[in-house]
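This report introduces selected features of a single structure. Please look at the sequence and the model before reading on.

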Amino acid sequence: MSDLPATDVLRYTAFSADPEGGNPAGVVLDASGLDDAAMLAVAAELGYSESAFLTGPAEASAPGARGYTIRYFSPKAEVPFCGHATVATALALAERDGPGELEFATPAGRVPVTVVREGGELRATLTSVEPRVEDVAPADLAEALAALDWPEADLDPALPPRIAYAGARHLVLAAATRERLAALDYDFARLEALMHRLDLTTLQLVWRASATGFHVRDPFPVGGVVEDPATGAAAAAFGAYLRALALVPDSTELTLRQGEDMGRPGTLTVTLRAGDARVRVSGTGTRLPEPA
């Protein structure tokens, strides 16, 4: 990275064991010497939807867990929480130090992550901060649909629009058909302006394929990229949304498929537990080769 301070940047993809799938993230395991401008510059040069920076150790609340302070930057701005970059960082730490219990002090709160080895693969499971779900104003919904060029009649009435949070805010919109979800061609500047006004990180666009299976897509203009290939924070928020609206049982496991329409397929597993408001999101990942 010729124009930046000497920084050891690892590259991982999360939510796929295939380097051609999932969502790439930059991971800096020692960012203690980087200021905000330098971290933003690293993220911008990488061009991934987000990159993660460990800025120092943190005291973990769980006995035996390894604690870290983490920050996340898109190419355009810092974000409060990023699921796929958390998974990528956890996998990088597990490859360096071994699997086990980790805890990240994020700007959104403390996020525990468990990394286990299943066969020949490492798998990370993050536990979200306390989620919440809120209504979206009719005028804001109309503006979002106009920016997407989605007629309201193309929405699935069984999954009503809401704003959901599990570390970052996402507007959940459900398409009535797989074809509607696949035809994503939106007004970048118009959607970006609305998302800034509503403090949204992505839109979580979904189509329900089965009782526990969904296809999802996430426009991310506020981060400077058209679409996020696999979005762990939005997956956690979506799990909270489904439970809050009683659209799934209190205890269930969901499968979210994302990135297929971008040519980077990935799989996110979302687990809800009765009696625990937090949402768990898990997936595999792999280190990417260094650029030539």
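At the start of α5, which backbone nitrogen does a side-chain oxygen of Asp187 reach? The partner is the backbone nitrogen of Ala189, and the two atoms come to within 3.4 Å of each other. The model discussed here is a predicted one.

**Helix α5**

Helix α5 comprises residues 188–198. Within this helix, Leu191, Glu192, Leu194, Met195 and Leu198 are buried. These residues lie on the same side of α5, because they cover an arc of only 165° around the axis. The general geometry of helices is relevant here: an α-helix has 3.6 residues a turn, so residues three or four places apart point the same way. On the face turned away from the buried side, α5 carries the exposed residues Ala189, His196 and Arg197.

What do the buried residues of α5 pack against? Their partners are α3 (138–148), together with the strands β11 (169–174), β12 (202–208) and β13 (213–220). Just after the helix, Asp199 adopts a positive phi of about 55°.

**The largest pocket and the largest cavity**

Asp199 appears again in the description of the largest pocket: with Pro80, Leu200, Thr201 and Val222, Asp199 is among the lining residues that lie nearest the centre of this pocket. The lining has 17 residues in total. Both β5 (78–79) and α5 supply at least two residues of that lining.

The model also has one cavity of 30 Å³ or more. Its lining is formed by Glu50, Phe81, Cys82, Gly83, His84, Thr201, Thr202, Asp228, Thr231, Gly232 and Ala233. The elements that give two or more residues to this lining are α2 and α6 (232–244). Thr201 thus has a place in the lining of the cavity and also in that of the largest pocket.

The table sets out the volume and the lining classes of each space.

| Space | Volume | Lining by class |
|---|---|---|
| Largest pocket | about 240 Å³ | nine nonpolar, four polar and four charged residues |
| Largest cavity | about 50 Å³ | three nonpolar, six polar and two charged residues |

**Two residues of helix α2**

Helix α2 spans residues 83–97 and contains Thr89. His84 is found in α2 as well, and His84 is one of the residues that line the largest cavity.

Is His84 buried or exposed? His84 is buried, since its relative accessible area is 1%. Leaving out residues up to four places away in sequence, His84 touches Ala14, Phe15, Asn23, Pro24, Ala25, Ser49, Glu50, Asp228, Ala230 and Gly232. Among these, Glu50, Asp228 and Gly232 also belong to the lining of the largest cavity. The side chains of His84 and Asn23 are joined by a polar contact of 3.2 Å. In addition, the His84 side chain reaches the backbone oxygen of Pro24 at 3.1 Å. His84 and Val281 are 197 residues apart along the chain, and their C-alpha atoms are separated by 9.6 Å.

Thr89 is likewise buried, with a relative accessible area of 1%. Which residues is Thr89 in contact with, leaving aside its neighbours within four places in sequence? The contacts of Thr89 are Val27, Leu29, Ala52, Leu54, Ile70 and Phe104.

Methods
Residues numbered from 1 in each chain as written. Predicted model: local features only at pLDDT ≥ 70, side-chain atom pairs only at ≥ 80, totals over all residues. Heavy atoms only, no water. Helix = DSSP H or I, 4+ residues; strand = E, 2+ residues; numbered from the N terminus. Buried < 20%, exposed > 50% of the residue type's maximum accessible area, 1.4 Å probe, protein only. Contact = heavy atoms within 4.5 Å. Arc of directions from axis to C-beta. Polar contact = N/O pair within 3.5 Å; in protein donor to acceptor, adjacent residues only side chain to side chain. 1 Å grid on protein atoms, 1.4 Å probe; cavity = no way out; pocket = protein on both sides within 12 Å on 5 of 7 lines; lining within 4 Å. Points joined across faces, edges and corners; volume = space filled by probe spheres on them. Nonpolar A, V, L, I, M, F, W, Y, C, P; charged D, E, K, R; others polar.
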